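This report is meant to be read alongside the sequence and the 3D view. Please keep both at hand while going through the sections below.

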Amino acid sequence: ASFSGIGAVPDTAQVDVFYVTANNATFTFTGLDDSLTYDLEFQSWTDTTARDQATATITGGSFLNVDPNDSPSVYAFNNISTDGSGNIELVLATGSDAAHINALQLVAIPEPSTVGFLFGSVALILSAIRRRS
């Protein structure tokens with residue numbers, strides 16, 4: 001399994017797991033920029049039989065069904081806005097067994113103006129290098 005931002009999930013994440021049994025677990029990311037949107041990815045996997053499908057809900061109400069089956073799976077929420085106070089919450093709810101999270105990745109999505117600035121800067125640099133030649 002791999003994250004879009006950093007590639008393969010580290011092997012250590014395959015054996016290190018946070019799990020919650022028959023309850024909810026809330027992961028709160030604080031101090032975020034309200035003017036940006038974010039992508040959140042997480043891996044849910046375990047090779048034990050003490051596992052259950054779970055529901056992952058993110059700030060704003062979007063949800064995913066999570067099944068930590070026999071192969072590592074990465075789940076993603078895209079273009080998430082904060083709650084207006086610089087926070088994003090991920091709530092993992094499970095049934096009778098356990099829900100698992102091995103690794104999390106939260107990445108800010110650059111604004112279109114930032115992307116345009118970067119491409120424009122590269123174009124100017126390449127133009128300057130070409131003129132010197």
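## A term to begin with

Two strands are said to pair if DSSP finds at least two bridges between them. In this predicted model, strand 4 and strand 9 (residues 88-94) are joined by six bridges and run antiparallel.

## Overall make-up

The protein contains two helices and eleven strands, and read from the N terminus its elements follow the order β-β-α-β-β-β-β-β-β-β-β-β-α. Of its 133 residues, 30% are buried. The protein exposes about 7900 Å², and carbon and sulfur atoms account for 53% of that area.

How do the contacts span the chain? Among those between residues at least 6 apart in sequence, 77% join residues at least 24 apart.

## The four-stranded sheet

One open sheet consists of four strands in the order 4-9-6-7, with antiparallel pairing. Strand 4 and strand 7 (63-66) are its edge strands, each of them pairing on one side only, and neighbouring strands of this sheet are turned against each other by 15° on average when direction is ignored. As general background, strands of a sheet pair through backbone hydrogen bonds, in either a parallel or an antiparallel way.

Strand 4, which covers residues 24-29, has two faces: Ala25, Phe27 and Phe29 make up the covered one, whereas Asn24, Thr26 and Thr28 make up the uncovered one. Each face has a residue whose place against strand 9 can be given, for Phe27 of the covered face stands opposite Leu90, while Asn24 of the uncovered face has Ala93 as its bridge partner.

## Thr55 in strand 6

Strand 6 spans residues 54-58 and includes Thr55. Is Thr55 buried, exposed or partly exposed? Because its relative accessible area is 29%, Thr55 counts as partly exposed, that class lying between the limit of under 20% for buried and that of over 50% for exposed.

Leaving aside residues up to four places away in sequence, Thr55 touches Phe63, Leu64, Asn65, Val91, Leu92 and Ala93. Of these contacts, Val91 is 36 residues from Thr55 along the chain, and the C-alpha atoms of the two are separated by 8.0 Å. Ala93, also among the residues touched by Thr55, is the bridge partner of Asn24 mentioned above.

## The three-stranded sheet

Another open sheet has three strands in the order 8-5-11, again with antiparallel pairing. Its edge strands are strand 8 (73-80) and strand 11 (103-109), each pairing on one side only, and the average turn between neighbouring strands of this sheet is 15° with direction ignored. Six bridges join strand 5 (residues 37-44) to strand 8, and these two strands run antiparallel. Ser44 stands opposite Ser73, which belongs to strand 8.

Strand 8 also holds Asn79. Most residues other than glycine have a negative phi. Asn79, although it is not a glycine, has a positive phi of about 55°. With a relative accessible area of 54%, Asn79 is exposed, since the limit for that class is over 50%.

## A nonpolar patch on the surface

Which residues form a nonpolar patch on the surface? Val122, Ile125, Leu126 and Ile129 do so, and together they have about 380 Å² of accessible area. One of them, Ile125, is found in helix 2, which runs over residues 112-132.

Methods. Residues numbered from 1 in each chain as written. Predicted model: local features only at pLDDT ≥ 70, side-chain atom pairs only at ≥ 80, totals over all residues. Heavy atoms only, no water. Buried < 20%, exposed > 50% of the residue type's maximum accessible area, 1.4 Å probe, protein only. Axes fitted to C-alpha atoms, helices over the stretch in contact; angles between N-to-C directions. Contact = heavy atoms within 4.5 Å. Patch = residues over 30% accessible without salt bridge, like charges linked within 9 Å, V, L, I, M, F, W, Y side chains within 5 Å. Areas by Shrake-Rupley, 256 points an atom, 1.4 Å probe, with all protein chains shown as cover. Salt bridge = Lys/Arg side-chain N within 4 Å of Asp/Glu carboxyl O.
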